[in-house]
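Q: Please choose one part of this model and take me through it slowly, as you would for someone new to reading structures. I would like to know what surrounds that part, and how it fits with the rest of the chain.

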Amino acid sequence: MFNKILVPIDIDYPRTSKAVYDNAAELASLSGAEIKIVSVMPGFTMPIVASYVTEEIKTEARNHFKASLEKFIEENCQGATKVTHKVMVGKHYEEILKMAEKWGADLIVVYHNHRRRINEAFSQNCAQKIVKNAECSVLRLRNVLN
């Protein structure tokens, strides 16, 4: 069925991220697939922002973001499924699509809750862009916390 499942998560929403991972892990267990969890950190590319952000601040932010992702994985992703992870920097959907292609993912599991007013990392636009542009299958989960 699937050999490589890419699971983008937003570490600011650990309950939702856990629910998305659990769904992906269940699919992975059916075929012995690998899971790669990715989390995309916003970049500092806007000129006004970039002019004030030093390399030291960027490195510190990336290290903190990576530590948060590793803590999430340690607390929530234990089991028989092999899980690797990667922190990326940039636009969420672009980085997710790049990783899916580079890693050779045959499934991306994304989350989209169209009822939330707060725009999360996986807003309608991000999930739709992934569905529209991915070279592999995409499973778009909704309302996983119901």
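A: A good place to begin is Ile35, which, once its neighbours within four places in sequence are left aside, is in contact with Ile5, Val7, Tyr21, Ala24, Ala25, Ala28, Thr81, Lys82, Val83, Thr84 and Trp103. Please keep in mind throughout that this is a predicted model. Ile35 sits in strand β2, and because its relative accessibility is 0%, where anything under 20% is called buried, it counts as buried. One of its contacts shows how the fold brings together parts that are far apart in sequence: Ile35 and Val83 are 48 residues apart along the chain, yet their C-alpha atoms are separated by 4.8 Å.

From this residue we can move outwards to the group it belongs to. In soluble globular proteins, nonpolar side chains tend to be buried together. Here the largest nonpolar core has 25 residues, and those that touch the most other members are Ile5, Val7, Ile9, Ile35, Ile37, Leu69 and Val109. Two or more residues of this core come from each of β1 (4-8), α1, β2 (34-41), α3 and β4 (107-111), and the element that gives the most is α1, with six residues. Val109 gives a second view of the core, for, not counting residues up to four places away in sequence, Val109 touches Ile5, Leu6, Val7, Pro8, Val20, Ala24, Leu139 and Leu141. There is also a second, separate core, made of 17 residues, and among them are Ile96, Met99, Val110 and Cys126.

One of the helices that contribute to the largest core, α3, repays a closer look. It has 22 residues, and the distance from its first C-alpha to its last is 31 Å, close to the 32 Å expected at 1.5 Å a residue. The buried residues of α3 are Phe65, Leu69, Phe72, Ile73 and Asn76, and, viewed down the helix axis, these fall within an arc of 95°, so they line one face of the helix. An α-helix has 3.6 residues a turn, so residues three or four places apart point the same way. The buried residues of α3 are covered by elements that include α1, β2 and β3 (83-89), while Glu56, Glu60, His64, Lys71, Glu74 and Glu75 are exposed on the other side of the helix.

Charged residues of α3 also pair along the helix. Side chains of opposite charge can pair when their charged atoms come close. Glu70 and Lys66 meet in a salt bridge, at 3.9 Å from N to O, and since the two are four residues apart in α3 (residues 55-76), about one helical turn separates them. Both count as partly exposed, because the relative accessibility of Glu70 is 34% and that of Lys66 is 41%. Further along, Glu75 forms a salt bridge with Lys71, with their closest N and O atoms 4.0 Å apart, and this pair, too, is four residues apart in α3, which makes about one helical turn. Glu75 counts as exposed, because its relative accessible area is 53%.

A similar arrangement can be found in α1 (residues 14-31), where Asp22 and Lys18 lie four residues apart, about one turn of the helix. The closest N and O atoms of their salt bridge are 2.8 Å apart, and both partners are partly exposed, with Asp22 at 32% and Lys18 at 27%. In total, the count for the structure comes to five salt bridges.

Finally, let us return to the surroundings of Ile35, whose contacts include Trp103. Trp103 is one of the buried residues of α4, together with Glu95, Ile96, Leu97, Met99 and Ala100. The twelve residues of α4 (residues 92-103) should span 16 Å at 1.5 Å a residue, and the C-alpha atoms at its ends are indeed 16 Å apart. Just after this helix comes Gly104, whose phi is positive, near 80°. Within α4, Glu95 may catch your eye, since it is a charged residue with a relative accessibility of 13% and so counts as buried; leaving aside its neighbours within four places in sequence, Glu95 is in contact with Val40, Met88, Val89 and Gly90.

Terms used. Residues numbered from 1 in each chain as written. Predicted model: local features only at pLDDT ≥ 70, side-chain atom pairs only at ≥ 80, totals over all residues. Heavy atoms only, no water. Expected span 1.5 Å × (residues − 1). Buried < 20%, exposed > 50% of the residue type's maximum accessible area, 1.4 Å probe, protein only. Salt bridge = Lys/Arg side-chain N within 4 Å of Asp/Glu carboxyl O. Core = buried A, V, L, I, M, F, W, Y, C linked by side-chain atoms within 4.5 Å. Contact = heavy atoms within 4.5 Å. Arc of directions from axis to C-beta.
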